[in-house]
Amino acid sequence: MIAEVSLKVLPRPAAEATLSVTMSEADALRHLNEWAGQPLPITASAWHASTLRLRFFRAGAAVDAARTRFVHTYGATESGPRRRQAWWAAVREQTDEFFQGDEPLWRLSLPSVAPPLVLAGQQLIEWGGALRWLRSTAPAAEIRGAARRVGGSATLFRGGDKSLGVFEPLAAPIAQLHLRLKREFDPKGIFNPGRMYPEL
């Protein structure tokens, strides 16, 4: 239920660049957390298959300074305008090759400082390490257990066996809280009954 929405519109930044750096998952996560505390114009990041892509948006001087630093320090390479726009759009719309195929797709919401998760399958990491997509046939309990141990949760986003539940099972006190809220806002149970959890 959405009662009120406020939208904040900002002017488009004067300059944009997408740089790619070859590094391991562990190095990418460590660097992303370090860079988050620095005055860098990073507005998006994505790591997959040993390649970390970074999008820089801001005034021309800030983007130029970041470009120089990352090229000289990390050996970064820059994508052309059409290629970078197509790639970020493919990740946003989930048309990138990573999202294709029959393997179940999991959405893992984790603390950005969480270490790499040792799970079978492929991962694509966004949001500075806080959002990790996983293509894997590993058991749901194994995936959810790995996410829970680092303070996160796992949702079966697409495919797979949904009989075990799509969303992370709720702890009993939280489930009761959800049930009471549901009864207050939807006493007749007409808003998507059982959509997220069978008892709600």
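In the predicted model, the hairpin formed by β2 and β3 has 2 residues between its strands, and alanine 49 in this hairpin adopts a positive phi near 50 degrees. The two strands of the hairpin are antiparallel and are joined over 6 bridges. Within this pairing, tryptophan 47 is placed opposite leucine 52 of β3.

Strand β3 also pairs with strand β1 (residues 15-22), again in the antiparallel sense, through 8 bridges. One position in this pairing is serine 20, whose bridge partner in β3 is arginine 53. In general, the strands of a sheet are paired by backbone hydrogen bonds, in either a parallel or an antiparallel arrangement.

These pairings belong to an open sheet of 8 strands, with antiparallel pairing and the order β4-β1-β3-β2-β6-β7-β5-β8. The edges of the sheet are formed by β4 (77-78) and β8 (153-158), each of which pairs on one side only.

Elsewhere in the sheet, β5 and β7 are paired in the antiparallel sense over 5 bridges. Leucine 108 is located in β5, which covers residues 105-109, and stands opposite arginine 132 of β7. Leucine 108 has a relative accessible area of 0% and is therefore classed as buried, the cut-off being under 20%. Apart from neighbours within four places in sequence, the residues in contact with leucine 108 are Leu117, Leu119, Ala130, Leu131, Arg132, Leu134, Ile143, Ser153 and Ala154. The C-alpha atom of leucine 108 is separated by 16 Å from that of arginine 92, which is 16 residues away along the chain.

Helix α1 comprises 12 residues (residues 25-36); because a rise of 1.5 Å a residue is expected, the helix should span 16 Å, and the distance of 16 Å between its end C-alpha atoms agrees with this value. The buried residues of α1 are Glu25, Ala28, Leu29, His31, Leu32 and Trp35. These buried residues pack against the strands β2 (42-48), β3 (51-58), β6 (122-126) and β7 (131-135), as well as against helix α2 (60-74).

On the surface, a nonpolar patch is formed by Met1, Leu177, Leu181, Phe185, Ile190 and Phe191, which together have about 700 Å² of accessible area. One member of the patch, phenylalanine 191, is found in the segment that follows α5 (172-185). The relative accessible area of phenylalanine 191 is 47%, so this residue is classed as partly exposed, a class that lies between the limits of 20% and 50%.

Note on methods: Residues are numbered from 1 along each chain as its sequence is written. This is a predicted model: local features need pLDDT of at least 70, side-chain atom pairs count only at pLDDT 80 or more; totals for chains, interfaces and linings use all residues. Side-chain values use heavy atoms; hydrogens and water are left out. Helices (H or I, at least four residues) and strands (E, at least two) are DSSP runs, numbered from the N terminus. The expected span of a helix is 1.5 Å times one less than its number of residues. Buried means under 20% relative accessible area, exposed over 50%, partly exposed in between (1.4 Å probe, protein chains only). Contact means heavy atoms within 4.5 Å. Two strands pair if DSSP finds at least two bridges between them. Patches are made of residues with over 30% relative accessible area and no salt bridge: like charges are joined within 9 Å, nonpolar side chains (Val, Leu, Ile, Met, Phe, Trp, Tyr) within 5 Å. Accessible areas come from the Shrake-Rupley method with a 1.4 Å probe; for residues, only the protein chains shown count as cover. A salt bridge is a side-chain nitrogen of Lys or Arg within 4 Å of a carboxyl oxygen of Asp or Glu.
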